[in-house]
Amino acid sequence: MTATAATDWSVYDRPALRDSISRPQGADRQVILALDGMHCAACVGRVEKLLRPQVRDLRINLTGRTVEFTWNPAQRALSTILASLDQAGFQPRALA
């Protein structure tokens with residue numbers, strides 16, 4: 001079995017990319033992500049437990065396998081949020 005390289009999520013902290021996949025909410029930003037690997041209510045619970053301390057206005061849609069939230073880029077990098085999802089087994093993809 002071959003080990004895979006960890007994804008470098010830091011590219012999403014570049015203002016041009018971050019701003020192209022999210023929209024402003026005052027000083028905050030709002031984003032919608034597709035989450036590969038979210039299949040059941042237990043997954044929703046894991047995602048909620050993981051994200052609740054990091055974001056605001058969290059909405060999780062199991063049917064659409066999406067998550068929407070607001071965060072403050074001055075307080076937490078988007079790459080940190082994406083990496084935490086990835087490390088938990090959920091592959092986030094930005095929906096522009």
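This report describes the strand pairing, nonpolar core, aromatic pairs and backbone angles of a predicted model.

**Strand pairing around β2**

Strand β2 is mostly covered, with seven of its nine residues buried. Three strands pair with β2, and the table lists each pairing with one facing pair of residues.

| Strands | Sense | Bridges | Facing residues |
|---|---|---|---|
| β1 and β2 | antiparallel | four bridges | R23 opposite Q30 |
| β2 and β4 | antiparallel | six bridges | V31 opposite F69 |
| β2 and β5 | antiparallel | four bridges | A34 opposite R93 |

Strand β1 covers residues 22-25. Together, β1 and β2 form a hairpin with two residues between them. Within that turn, G26 has a positive phi of about 70°.

**The largest nonpolar core**

The largest nonpolar core has 21 residues, and V47, L51, V67 and F69 touch the most other members. At least two core residues come from each of β2 (28-36), α2 (41-51), β4 (66-71) and α3 (78-87). Helix α3 gives the most, with five residues.

What does V47 touch beyond the residues up to four places away in sequence? Its contacts are L35, M38, I60, V67, L85 and F90.

Helix α3 is mostly covered, as seven of its 10 residues are buried. These are L78, S79, I81, L82, A83, S84 and L85. The buried residues of α3 pack against two helices, α1 (15-21) and α2, and against strands β2, β4 and β5 (91-94). Just after α3, G89 takes a positive phi of about 100°.

**R18 in helix α1**

Is R18, which lies in helix α1, buried or exposed? R18 has a relative accessible area of 17% and is therefore buried, since the cut-off for a buried residue is under 20%. Leaving aside residues up to four places away in sequence, R18 touches Y12, D13, R29, W71, P73 and L78. Of these contacts, L78 is also one of the buried residues of α3.

**Aromatic pairs**

How many aromatic pairs does a search of the whole structure find? The search finds two. In one, W9 and Y12 are tilted, with 5.8 Å centre to centre and 40° between the planes. W9 is buried, with a relative accessible area of 6%. In the other, F69 and W71 are edge-to-face, at 6.0 Å centre to centre and 65° between the planes. Both F69 and W71 are buried. The second pair links several parts of this account: F69 is among the core residues that touch the most other members, F69 stands opposite V31, and W71 is touched by R18.

**Positive phi outside glycine**

Most residues other than glycine have a negative phi. Two residues in this model are notable in that respect. D57, found in strand β3 (residues 56-61), has a positive phi near 50°. R65, placed in the loop between β3 and β4, likewise has a positive phi near 50°.

How accessible are these two residues? D57 counts as partly exposed because its relative accessibility is 47%, and the partly exposed range runs between the 20% limit for buried and the 50% limit for exposed. R65 is partly exposed as well, with a relative accessible area of 38%.

Definitions and conventions
Residues are numbered from 1 along each chain as its sequence is written. This is a predicted model: local features need pLDDT of at least 70, side-chain atom pairs count only at pLDDT 80 or more; totals for chains, interfaces and linings use all residues. Side-chain values use heavy atoms; hydrogens and water are left out. A nonpolar core is a set of buried Ala, Val, Leu, Ile, Met, Phe, Trp, Tyr and Cys residues joined through side-chain atoms within 4.5 Å. Buried means under 20% relative accessible area, exposed over 50%, partly exposed in between (1.4 Å probe, protein chains only). Contact means heavy atoms within 4.5 Å. Rings of Phe, Tyr and Trp (its six-membered ring) pair if their centres lie within 6.5 Å; planes under 30 degrees apart count as stacked, over 60 as edge-to-face and the rest as tilted. Two strands pair if DSSP finds at least two bridges between them.
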